[in-house]
Amino acid sequence: MQNTHNLDILGSALLDILSVLNSPQRDVVLLREAGVEIDRALFPLLVATGARGPLTVGDLADLVGRDHTTVSRQLAKLKQLKLTASQPEQDRRRNAVKLTAAGEKIVQKISRARRRLLSKVLADWSEADRTALATLTRRFADAVISR
C-alpha cells in the first residue's frame, strides 16, 4: 500500500500555491514590479502566448482555464493594443496568436519581475535546494501535462 502522507502534503502545498498565484493582489504586485500597466485579465494570456505561442484561441483558452468566447474578446483587446497578432495555421481555417515585438517586451519585463520576486522568496534557500525545487517542479509539471 502506498504511503499517502506525502501525497497529502503535496496536495495541500499545491492548493496553497495556487491560491496565492490566483490571487488578484499577486497579479497587481507582479505587474507593479514589472512596471507594466495592462488589464489584469489580459496579462495571463500575454504571458502564456509568450511561453507557449503561437497558440490557437482554443488552446489558449484551455491553457488559462477560460472559455473560448472570453479569450476571443480578450485577445481582440490585446490585438488593439498591438501586443498580439494573428498568424495563419497550416489549416487555413484556423489562426494562431503570436506576440508582437511590443508584446515580447512586456512579457520580458514580467519575466524579470517574476525572477526578482522569486529570488526574494527563496533568498534563504541554498543553491542546492533552489536547483532541486526547480528540477522537481518542472518534472512534476511535465508529468501532469502528459497525463
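A residue is called buried when its relative accessible area is under 20%, exposed when over 50%, and partly exposed in between, as found with a 1.4 Å probe on protein chains only. The structure described here is a predicted model, in which local features need pLDDT of at least 70 and side-chain atom pairs count only at pLDDT 80 or more, while totals for chains, interfaces and linings use all residues. Residues are numbered from 1 along each chain as its sequence is written, and side-chain values use heavy atoms, with hydrogens and water left out.

The overall layout comes first. The protein has seven helices and three strands, where helices (H or I, at least four residues) and strands (E, at least two) are DSSP runs numbered from the N terminus. Along the sequence these elements follow the pattern α-α-α-β-α-α-β-β-α-α. The C-alpha atoms fill a box of roughly 50 × 40 × 25 Å along the principal axes. Of the 147 residues, 24% are buried. Contact means heavy atoms within 4.5 Å; among contacts between residues at least 6 apart in sequence, 46% join residues at least 24 apart.

Next comes the interior. A nonpolar core is a set of buried Ala, Val, Leu, Ile, Met, Phe, Trp, Tyr and Cys residues joined through side-chain atoms within 4.5 Å. The largest such core has 25 residues, and Ile38, Leu46, Leu78 and Ile110 touch the most other members. At least two residues of this core come from each of helix 2 (24-34), helix 3 (43-52), helix 4, helix 5, strand 3 (95-99) and helix 6 (101-121). Helix 3 gives the largest share, five residues. Isoleucine 110 touches Leu30, Leu31, Ala34, Val36, Phe43 and Val47, when residues up to four places away in sequence are not counted.

Helix 4 (57-64) and helix 5 (68-80) are joined by a loop that holds aspartate 67. This residue, aspartate 67, is partly exposed, at a relative accessible area of 42%. Its side chain makes a polar contact of 2.9 Å with the side chain of threonine 70; such a contact is a pair of N or O atoms within 3.5 Å, where within protein one must be able to donate a hydrogen and the other to accept it, and residues adjacent in sequence count only if both atoms are side-chain atoms.

The two helices pack at an angle of about 110 degrees with their axes 9 Å apart. Axes are lines fitted to C-alpha atoms, for helices over the stretch in contact, and angles run from 0 to 180 degrees between N-to-C directions. Helix 4 and helix 5 are therefore roughly perpendicular, a term for angles of 65 to 115 degrees. Val57, Gly58, Leu60, Ala61 and Val64 in helix 4 meet His68, Val71, Ser72 and Leu75 in helix 5.

Beyond helix 5, lysine 82 sits in the loop leading to strand 2. Lysine 82 is exposed, with a relative accessible area of 60%, and its phi is near 60 degrees, a positive value in a residue other than glycine. Threonine 84, in strand 2 (residues 84-88), is buried at 5% relative accessible area. A polar atom of the threonine 84 side chain lies 3.4 Å from the backbone nitrogen of lysine 79. Elsewhere, the peptide bond from glycine 53 to proline 54 is cis, with omega near -5 degrees. Most residues other than glycine have a negative phi, and most peptide bonds are trans.

Key: Angles under 35 degrees count as roughly parallel, over 145 as roughly antiparallel, 65 to 115 as roughly perpendicular and the rest as oblique.
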